[in-house]
Amino acid sequence: MRITGTRTPFALAAALLAAGAHAQQTAQQAAQQTDTGKLESVVVTANKRAQNLQDVPQSITVLGDAVLQRSNVRELDDLPALSPALTLSYGTQPGNFSINMRGVGTFSLGIGVEADVAVIVDDIPLGMQANAFKDLADVHRIEVLKGPQSTLFGKSAIAGALNITTKPIGGPVKTTASMLATNDDEWRVAVGVSGAVSDTFRMRIAASKTDYDGTLNNLTTGGKLNGSKGDNVNAKFEWQPLENLKFTLSPHYNRTEKFCCTTAFTSMTPGGIYRNAPQLPQAVVLRDIRIAPGNRDVRNDYPTGGKFHDWGTGLKIDYGFDGGYTLSSITSYSKYHMDDYQDNDATDIDILQYLTLPNGAPTNMHGGLYQYGVFNVKSTTQELRLTSPDKGALRYVAGLWYGKNDLNRELAKVPLIFNYGTNYGADAWNVNKAAYGQGSWDFRPDTSLIVGARWNLEDTGYRFRRYSVPPQAVVQTEFYTNDDSNHSKTWKLGLEHRLNRDAMVYGTVSTGHKGVAYDLTSGFTAALAAKPAVPPETARSYELGWKQSLWDNRAMFSVALFRTNFRNFQQSAGFFDYDGIFRTALNSLGGLRTQGLEVEGSVRVTPRLQLNGSLAYTEATITEFRNGPCYNVVNAAGTGSAPGPGCYQSPEFNNTNVQDLAGKTLPNAPKVKVNLGGQYDLPLATLPFNAFIAGTTRYQSRTQFSLNQDPMTIQGAYSITNLSFGATDKGGRWKASFFINNLFDKRYAAGLNNSIANGTWSPRAPNTPLAVNTTEWLPPRDYHRYVGARVDLTF
């Protein structure tokens, strides 16, 4: 174990533990509650009203406070290990990450494309999915809602939603603190104050700071890459001047820096040559880097990643009427800004001197290839919601919705040479107005009809500007603008039958909708501007489910069969161009389908031992995409690349190389994911604390990372096991835990790339041109075994 002396994280953890011991000596012993040995009831708000999870006719994974703490969840990157229906796809910076549900998610570099999975925090949706890739500070519960959620949550929820609830305000004022540290230089500190200040006013203020250096070694700077650090402040103020009137103000601020998402070379053939230029020996360009599977060394002389901050507030006003009806007004405003940057040549030498113009003349340029830009998002929302009482044969929620997002993107890739180099700015906006309602009617004592509908009116548009490329004088050279209006209807219809008080079966049909899209990236041209917007995306989903409690609520399980068909699915296809630079193009897939089986369950074997497990079998396949992107292979002569098997020149698509992808899998959509876990609590009668031990194992089948089906970008099946143990004070004042993640030190990738360089770098005769095939990998946070400790205190 390596422990850094400058930060002394374990010393800080020990200090917090000592403080907890002191608190134990001075605090009064809390009353012990009798453990019935039953599973705790789980309350969710998936239908915009509080319900017991087992009563909701829908497949939902709930990650409660105990699970989030036990799994040391810090950010979204940690969630796929806990929810089999969820995966994440990574781009070059947070602006083009993708959350995928049941194998479906939108990967796009442009601000003119909405996400397929919505992220909602305390009833307020995020204006841009990138804003979700930060610390999950002060989170109490995450509901993973699978399948179309458009009827209740509207835009960006066609494939699913993450419904996040922050921690509630407690009773008497208490202070909580936590500290986490690992042997590979991750540390976290958080503190919160929560409770009732008076009979009418309650508050919660929480702040946290996190830091993780990363998974890659940058030999140029001596630092790390693919880590992150963040500062968060969240607050919640509740004022209840009347018994039936409550105001809740929820301001927040976040500042995050992600040093991502750099990939490391794992192979380069022919060996010893960088790109395709024999005069660029690997020993010089990538000196001291041993290119092989598992390599984590890189040479970047320009930063890669993004720095962003966001701030905003939500205001919720609840008014209770006689009879149990509640009228709620939810208002929000937020601003998000990110500066992003990327090293595009993966070396720190003066590489531009080796470039030549198409006529063979030298460019007389020096330096490297890099890019920089900004994202700006401003979001305003307003919702009016009427919620019926929970009692009675008819229960419903209905509302009006207004949302406006203004997005801005500025990007410069330099220098301008061959087809590399661009400088553009784009603005996109969308205004959404909607009316919605969903209810459940018990037309028999044991059977309910579920009906929901939403009517949407959406106005969208863009402005696109292209500029000359620095270091030339920056002047506007192109300008395009357009707007679009469309209305849509989504609905949900279902039937729920309660077999007895412990079991129910259900069947639902629901539809989803996502608005038009624009490919506002560096490839945007006058020809694209003259075309209509990429058509709206639609979905229809069928789900059959069974939920069962057993043994007087000591065990429960749920089973769901699902099938969702998408039309005009919006997907950016990534590829490595002949200059070795990763580019994307927005496509409208004719159709795709995701179908499968999901099983989740928990059991209290004894009052001390609880086991849980989940399984997702998902087939996410393309049903229609005749002009799919191709991958390349080295040609027979070894001097360039040729289209891979199945690719052909299509007159229908301007004689470009395409392949028919019907029947092929979506990227990053493993067929099988399994999670198994458990915790054993060990009472210690003669000591003031109890002990516990917990463990989890997750399995994932082979995964294709590329839409073009490149066989070089397949991650094989793997399993990861985590173990933790510790002690907790019987009065609830402190908890200390130690954990070992990736216990068996299994290596796997969070992303794989394959490219062939064949033309960018001059071979400078008499050298013979060579096509160099390179592969790269993106190591995840738990690419290796690491250990850590965590202390939680309550004062």
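Buried means under 20% relative accessible area, exposed means over 50%, and partly exposed lies in between, with a 1.4 Å probe and protein chains only. The structure is a predicted model, in which local features need pLDDT of at least 70 and side-chain atom pairs count only at pLDDT 80 or more, while totals for chains, interfaces and linings use all residues. Residues are numbered from 1 along each chain as its sequence is written, and side-chain values use heavy atoms, with hydrogens and water left out.

**Exercise 1. Backbone exceptions**

Determine where Asp552 and Ser156 lie, and whether each is buried or partly exposed.

Solution. Begin with Asp552, whose phi is near 55°, a positive value in a residue other than glycine. Asp552 is found in the loop between β27 (537–550) and β28, where helices (H or I, at least four residues) and strands (E, at least two) are DSSP runs numbered from the N terminus. Its relative accessibility is 40%, so Asp552 counts as partly exposed. Turn next to Ser156, which is not a glycine either and has a positive phi of about 65°. Ser156 belongs to the loop between α3 (150–153) and β9, and because its relative accessibility is 15%, Ser156 counts as buried.

Then locate the prolines that follow cis peptide bonds.

Solution. One cis bond joins Thr269 and Pro270, with omega about 0°, and Pro270 lies in the loop between β15 (264–269) and β16 (273–274). Another joins Val414 and Pro415, again with omega about 0°, but Pro415 is found within strand β22 (residues 394–417).

**Exercise 2. The chain as a whole**

Describe the protein chain by its secondary structure, its dimensions and its burial.

Solution. The protein chain has five helices and 43 strands. Its radius of gyration, taken over C-alpha atoms, is 27 Å, close to the 28 Å that the globule rule (2.2 Å times the number of residues to the power 0.38) gives for 795 residues, so the chain is as compact as a globular protein of that length. Along the principal axes, the C-alpha atoms fill a box of roughly 85 × 60 × 45 Å. Of the 795 residues, 54% are buried. Among contacts (heavy atoms within 4.5 Å) with a separation of 6 or more, 69% are between residues 24 or more positions apart.

**Exercise 3. Nonpolar cores**

Identify which residues have the most contacts inside the largest nonpolar core, and which strand gives the largest share of this core.

Solution. A nonpolar core is a set of buried Ala, Val, Leu, Ile, Met, Phe, Trp, Tyr and Cys residues joined through side-chain atoms within 4.5 Å. The largest one has 41 residues, and those with the most contacts inside it are Leu76, Leu79, Ile99, Leu136, Ile142, Leu162 and Phe566. Strands that each supply at least two residues of this core include β4 (86–89), β8 (139–146), β9 (160–166) and β28 (555–576). The largest share, three residues, comes from β8. Leu79 can serve as a local check: leaving aside neighbours within four places in sequence, Leu79 is in contact with Leu63, Val73, Leu86, Leu136, Ile142 and Leu162. A second, separate core has 22 residues, among them Met128, Tyr336, Ala426 and Val516.

**Exercise 4. Aromatic rings and charges**

Classify the ring pairs Tyr370–Tyr372 and Phe566–Phe569, and state how accessible the residues are.

Solution. Rings of Phe, Tyr and Trp (its six-membered ring) pair if their centres lie within 6.5 Å; planes under 30 degrees apart count as stacked, over 60 as edge-to-face and the rest as tilted. A search of the whole structure finds 22 such aromatic pairs. In the pair of Tyr370 and Tyr372, the centres are 6.3 Å apart with 25° between the planes, and the pair is stacked. Tyr370 is partly exposed at 29% relative accessibility, and Tyr372 is partly exposed at 34%. The centres of Phe566 and Phe569 are 6.0 Å apart and their planes stand at 75°, so this pair is edge-to-face. Phe566 is buried at 2%, and Phe569 is buried at 0%.

Finally, find which rings have the charged end of Arg102 or Arg781 over them.

Solution. A charge sits over a ring if NZ of Lys or CZ of Arg is within 6 Å of the ring centre and within 35 degrees of the ring normal. The charged end of Arg102 sits over the ring of Phe562, 3.9 Å from its centre, and Arg781 lies over the face of Tyr212, at 3.9 Å from the ring centre.
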